[in-house]
Amino acid sequence: MNRPIREILKLVWRLLREYAWKFLRPYLGKLVLVFFAFIAFLGILTLLVMSAC
């Protein structure tokens, strides 16, 4: 019973990966930039909070 479920999940993962890569690739650079900007913002906020204490 476990094997058919595993095969179906593999197939769904492969399909999702193909379509996600196809649609997200143009936005990948922007997503990475936003992610690093968010990390930098959190770092600056942490430094400000630590210097206030």
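**Entry 1: the salt bridge**

I looked up Arg3 and found that Arg3 forms a salt bridge with Glu7, with the closest N and O atoms 4.0 Å apart. I note here that the model is predicted. I then counted such pairs, and the structure holds 1 salt bridge.

Where do Arg3 and Glu7 lie? I find both in helix α1, 4 residues apart, which is about one turn of the helix.

I also checked how far the two partners are covered. Arg3 has a relative accessible area of 60% and is exposed, because the cut-off for exposed is over 50%. Glu7 has 38% relative accessibility, so I enter Glu7 as partly exposed.

**Entry 2: the charged patch**

Which residues form a positive surface patch? I list Arg6, Lys10, Arg14 and Arg17.

I took Arg17 from this list for a further check. Arg17 is placed in helix α1, which runs over residues 2-24. Its relative accessibility is 45%, so Arg17 counts as partly exposed. The reason is the range applied: partly exposed lies between the buried limit of under 20% and the exposed limit of over 50%.

**Entry 3: the whole chain**

How many helices and strands does the protein chain have? I count 2 helices and 0 strands. The radius of gyration of the protein chain is 20 Å, whereas the globule rule gives 10 Å for 53 residues. The value is well over the rule, so I describe the chain as more spread out than a compact globule.

I looked up the extent of the C-alpha trace next. Along its principal axes the trace spans about 60 × 30 × 5 Å.

**Entry 4: burial and surface**

What share of the 53 residues counts as buried? I enter 0% for the protein chain. For the surface, I have about 5,500 Å² exposed by the protein chain. Carbon and sulfur atoms supply 76% of that area.

**Entry 5: recap on helix α1**

I put the helix α1 items together. This helix holds Arg3 and Glu7, and Arg17 is also placed there. Arg17 belongs to the positive patch, while Arg3 and Glu7 make the salt bridge.

Note on methods: Residues are numbered from 1 along each chain as its sequence is written. This is a predicted model: local features need pLDDT of at least 70, side-chain atom pairs count only at pLDDT 80 or more; totals for chains, interfaces and linings use all residues. Side-chain values use heavy atoms; hydrogens and water are left out. The radius of gyration is taken over C-alpha atoms; the globule rule is 2.2 Å times the number of residues to the power 0.38. Buried means under 20% relative accessible area, exposed over 50%, partly exposed in between (1.4 Å probe, protein chains only). Accessible areas come from the Shrake-Rupley method with a 1.4 Å probe; for residues, only the protein chains shown count as cover. Patches are made of residues with over 30% relative accessible area and no salt bridge: like charges are joined within 9 Å, nonpolar side chains (Val, Leu, Ile, Met, Phe, Trp, Tyr) within 5 Å. A salt bridge is a side-chain nitrogen of Lys or Arg within 4 Å of a carboxyl oxygen of Asp or Glu. Lys and Arg count as positive and Asp and Glu as negative; His and the chain ends are not counted. The place of a charge is taken as NZ of Lys, CZ of Arg, CG of Asp or CD of Glu.
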